[in-house]
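Thanks for passing this one along; I had a good look through it. Could you open the model beside this note and follow the points in order?

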Amino acid sequence: MHIYILKKRSFFIFFLIFVSVISASILFYVNSKAVTTFNQSEKGHAREIHLVTGEFKAKTEDGQEIEAYRWDPGTIFINKNEKVILRIYGVNGREHPFIIEGTKIEGVVKQGEESVVEVQFNKEGIYRLVCLTHPDKHSNGPMIAYIVVD
Ligand SMILES: [Cu+2]
C-alpha cells in the first residue's frame with residue numbers, strides 16, 4: 001500500500017517535470033522563432049509595407065483579351081540599412097513565385113494569403129521584385145516591382 005502511494009506520487013512528479021520540460025521547450029521554440037525575425041526592441045523600428053497582387057484586363061478592338069498581373073504598388077522606397085517587412089497579399093492570380101534580384105530572397109504569394117518577407121538592404125540601388133511566372137508581357141506580365149534603396 002505504502003509503495004503504491006510512493007509510486008503514484010513519483011509518477012505525478014515525473015509527469016509534472018515532463019509537462020514543464022515540454023512547455024519550456026515550446027516557449028523556447030516560439031521565442032527563438034521570434035528572435036530570428038525581430039526581437040521586441042527592434043520590432044518598433046521595422047517598417048511595414050503592404051503590397052497586393054493585381055490584374056489588368058482589357059479587350060482589344062479586334063476582340064482579343066489581354067491581361068497583365070502586377071505588384072501594387074509597383075515602386076517602393078526603402079532607406080539603406082532600414083529594416084522593412086513586406087506584406088504581400090495575393091488577390092489576383094493563383095500563385096506568384098518571386099525573387100528579389102541581387103538578393104537571396106525568394107518566396108511565393110498565394111491567392112487569399114499574405115506572404116511576409118523581411119528585407120534589409122545595405123547597398124543602395126534599384127532592386128527588382130520579379131514574379132517568375134509573369135516576368136514579361138508574353139507571360140501576362142510584366143509583374144515587376146521596383147525597390148528603390150537610397
Ligand atoms: Cu505572377
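Here are my comments, from the overall layout down to single residues.

1. **Confidence first.** Please keep in mind that this is a predicted model. The average pLDDT over the chain is 85, and 71% of the residues reach at least 70. The stretch to treat with care is residues 32-41, where the pLDDT is below 50. Beyond near neighbours in sequence, that stretch has three contacts in the model.

2. **Layout of the chain.** You will find two helices and nine strands. Reading from the N terminus, the order is α-α-β-β-β-β-β-β-β-β-β, so to speak two helices followed by the strands. Of the 150 residues, 15% count as buried. If we take contacts between residues at least 6 apart in sequence, 60% of them join residues at least 24 apart.

3. **The five-strand sheet.** In which order do the strands of this open sheet lie? The order is 3-9-8-5-6, and the pairing is mixed. Strand 3 (75-78) and strand 6 (106-110) are at the edges; each has a single partner strand, so one side of each lacks a neighbour in the sheet. From one strand to the next, the twist averages 25°.

4. **Strands 8 and 9.** Within that order, strand 9 and strand 8 appear side by side. Strand 8 covers residues 125-131 and strand 9 covers residues 144-149; the two run antiparallel and are joined by six bridges. To find the register on screen, start at Gly125, which stands opposite Val149 in strand 9.

5. **The four-strand sheet.** A further open sheet has four strands in the order 2-1-4-7, again with mixed pairing. Its edges are strand 2 (65-72) and strand 7 (114-119), each of which pairs on one side only. Ignoring direction, neighbouring strands in this sheet are turned by 20° against each other on average. Strand 4 and strand 7 run antiparallel, with six bridges between them. One place to check this pairing is Ile88, whose bridge partner in strand 7 is Ser115.

6. **The nonpolar core.** Which residues touch the most other members of the largest nonpolar core? They are Leu129 and Ile147, in a core of 18 residues. Strand 4 (84-89), strand 8 and strand 9 each supply at least two residues to this core. Strand 8 gives the most, with four residues.

7. **Around Leu129.** Setting aside neighbours within four places in sequence, Leu129 is in contact with Trp71, Phe98, Ile100, Ile144, Ala145 and Ile147. The other residue singled out in the core, Ile147, is thus among the contacts of Leu129.

8. **Around Ala145.** Is Ala145, a residue of strand 9, buried or exposed? Ala145 is buried, because 22 C-beta neighbours lie inside 10 Å, and the cut-off for buried is 20 or more. Leaving out neighbours within four places in sequence, its contacts are Trp71, Gly74, Thr75, Ile76 and Leu129. Trp71 is also a contact of Leu129. For a distance to check in your viewer, take Ala145 and Ile100: they are 45 residues apart along the chain, and their C-alpha atoms are separated by 9.3 Å.

Notes:
Residues numbered from 1 in each chain as written. Predicted model: local features only at pLDDT ≥ 70, side-chain atom pairs only at ≥ 80, totals over all residues. Pairing = 2+ DSSP bridges. Axes fitted to C-alpha atoms, helices over the stretch in contact; angles between N-to-C directions. Buried ≥ 20, exposed ≤ 12 C-beta atoms within 10 Å, placed from the backbone. Contact = placed C-beta atoms within 7 Å. Core = buried A, V, L, I, M, F, W, Y, C linked by C-beta atoms within 7 Å. pLDDT = per-residue confidence, 0-100.
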